[in-house]
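Biologist: Could you take me through one part of this model up close, and tell me what it packs against?

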Amino acid sequence: MKRIIVRICIFIIIFFMSTILLRFGTNIFLLKMFHIDNAFTHMVFFDRSDVFAEVFSNKNENIKWAELYPFENTFNKVSKISIPDKVKNNINNIEENIVEYTNNLLIYHEKMAEYAAQYEKFLGWPLHETIFDLGDGWLSESVDEIKNISPHAVELSNFNQFLNGLNIDFLYVQIPSKISKKDNINTDFSNKNADNLLYALSQENVPILDLREYILKQNLDHHNLFYKTDPHWKAKTALWVTGILSEYLNLNNDFEIGYNIYDPDNFTYDIYNDWFLGSYGRKVTLARAAPEDITLIYPIFNTDFIFKIPSRNINKQGSFDIFYDYDRIKNLDYYNSDPYGAFCYERNPIVTITNNLVNIDKKILFLVESFGRYIPPFLSLSIKNVDFVDLRSFDGSIKTYIEKNMPDMVIIMYNPNVIEEINSYNPSNNLFDFE
């Protein structure tokens with residue numbers, strides 16, 4: 001009997017290891033290298049249609065941004081990495097690939113994870129090793145304390161001075177964390193890190209806009225501004241933020257944005273009921289988190305835009321709906337799709353928007369991460385030209401980009417989760433390198 005059990009276990013291990021190797025080879029060689037889309041590749045990834053969507057989408061045109069927007073003295077981000085950091089980055093990449101191919105691409109991985117979560121719930125174990133419940137199902141993660149905020153403040157202050165030298169206005173917008181100050185979670189330092197950074201910036205006379213203050217002033221339900229199962233804010237919250245930002249620009253930067261343009265009544269709301277399971281929800285699985293609604297927002301008035309994402313070979317003209325990647329939301333797949341990424345096609349190095357119907361001939365450049373990606377399209381309803389750049393994907397010189405395009409204003413919008421220790425240079429994650 002023991003031999004039979006051992007043989008069964010060995011067979012199961014060999015089977016799953018074989019499928020991992022098969023999927024690894026198929027993904028690397030047949031899909032990514034040779035772009036083969038046939039019955040065999042679909043059989044191998046019978047449960048992962050998202051793999052094909054990623055490979056065969058019009059993504060990654062392999063643009064050499066550092067050649068288009070070179071650094072001074074031909075100095076680029078990659079050359080700034082020390083040998084130990086290169087080794088560390090290579091090790092991290094290997095670890096990420098191992099996780100992907102032994103977990104994410106493992107056959108029936110989601111179901112096995114659900115069964116494990118159900119068992120843990122039955123035993124009364126904690127929700128997750130890093131994720132906790134803020135109350136009423138709002139999930140979140142803690143942020144570590146930044147011991148030395150000075151490097152971030154220095155980088156922003158120097159960037160502000162650089163822009164001042166070009167007569168370009170600057171604004172740093174502090175996006176709120178999902179965890180509010182009222183939550184009093186001892187293991188989370190997101191708000192403390194943000195407070196320390198804003199204080200340091202105020203000492204350097206860097207213009208700042210703290211959105212957390214507006215939440216308190218208007219006595220809003222802080223948690224309800226965010227998705228329950230995801231760290232990001234809702235589309236309605238981003239629309240509200242755009243209204244606040246437009247008022248700030250009118251008062252402080254001589255913009256003439258219409259007072260009521262961002263009134264919620266000027267928009268329609270296309271609700272996908274129980275269509276979204278955020279990144280926190282995917283980690284704890286459906287056994288311990290419930291799907292939630294996700295909303296696409298459209299203006300009720302006429303619009304006409306030119307929308308470009310060079311890295312995806314996208315160059316469209318049309319109404320506001322061209323900003324949405326409907327492939328990310330057309331199929332219900334809680335674990336393998338990201339409806340939040342439908343807005344402006346997920347992360348991209350550079351996105352440019354031109355509004356053909358407005359007379360306010362201003363140009364704004366946003367530096368954003370995933371939170372801020374929602375704001376530029378909404379603000380483009382009022383502004384002629386809006387660009388936004390994600391420094392995690394853009395490996396050229398942002399200073400050169402600015403000098404070539406000369407916006408009227410640069411706005412940085414970061415949430416506290418991206419304020420990380422700057423101990424060594426990481427080209428894929430340093431949002432505070434403004435060279």
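Modeller: Sure. When I talk about packing here, I mean contact, that is, heavy atoms within 4.5 Å. Keep in mind that this is a predicted model. Let's go for helix α8, which runs over residues 190-203 and has 14 residues. From its first C-alpha to its last α8 reaches 20 Å, close to the 20 Å expected at 1.5 Å a residue.

Now for its buried side. The buried residues of α8 are S190, N191, N193, A194, L197, L198, A200 and L201. An α-helix has 3.6 residues a turn, so residues three or four places apart point the same way. You can see that kind of spacing in the buried set, for instance in N193, L197 and L201. As for partners, the buried residues pack against two helices, α7 (150-165) and α9 (211-217), and two strands, β3 (169-174) and β4 (208-210).

Then look at the two ends. Just after α8, N205 takes a positive phi of about 60°. At the start of the helix, S190 is buried and also helps line the largest cavity. That cavity is one of three of 30 Å³ or more in the whole structure, and about 50 Å³ of space lies in it. Besides S190, its lining includes D188, S177, K178, I179, Y280 and F371. By class, the lining has five nonpolar, four polar and three charged residues.

Notes. Residues are numbered from 1 along each chain as its sequence is written. This is a predicted model: local features need pLDDT of at least 70, side-chain atom pairs count only at pLDDT 80 or more; totals for chains, interfaces and linings use all residues. Side-chain values use heavy atoms; hydrogens and water are left out. On a 1 Å grid over the protein atoms alone, a cavity is a set of points where a 1.4 Å probe fits but cannot get out, and a pocket is an open set with protein on both sides within 12 Å along at least five of seven lines; lining residues have an atom within 4 Å of a point. Grid points are joined across faces, edges and corners, and a volume is the space filled by probe spheres set on the points. Ala, Val, Leu, Ile, Met, Phe, Trp, Tyr, Cys and Pro count as nonpolar, Asp, Glu, Lys and Arg as charged, and the others, Gly among them, as polar. Helices (H or I, at least four residues) and strands (E, at least two) are DSSP runs, numbered from the N terminus. The expected span of a helix is 1.5 Å times one less than its number of residues. Buried means under 20% relative accessible area, exposed over 50%, partly exposed in between (1.4 Å probe, protein chains only).
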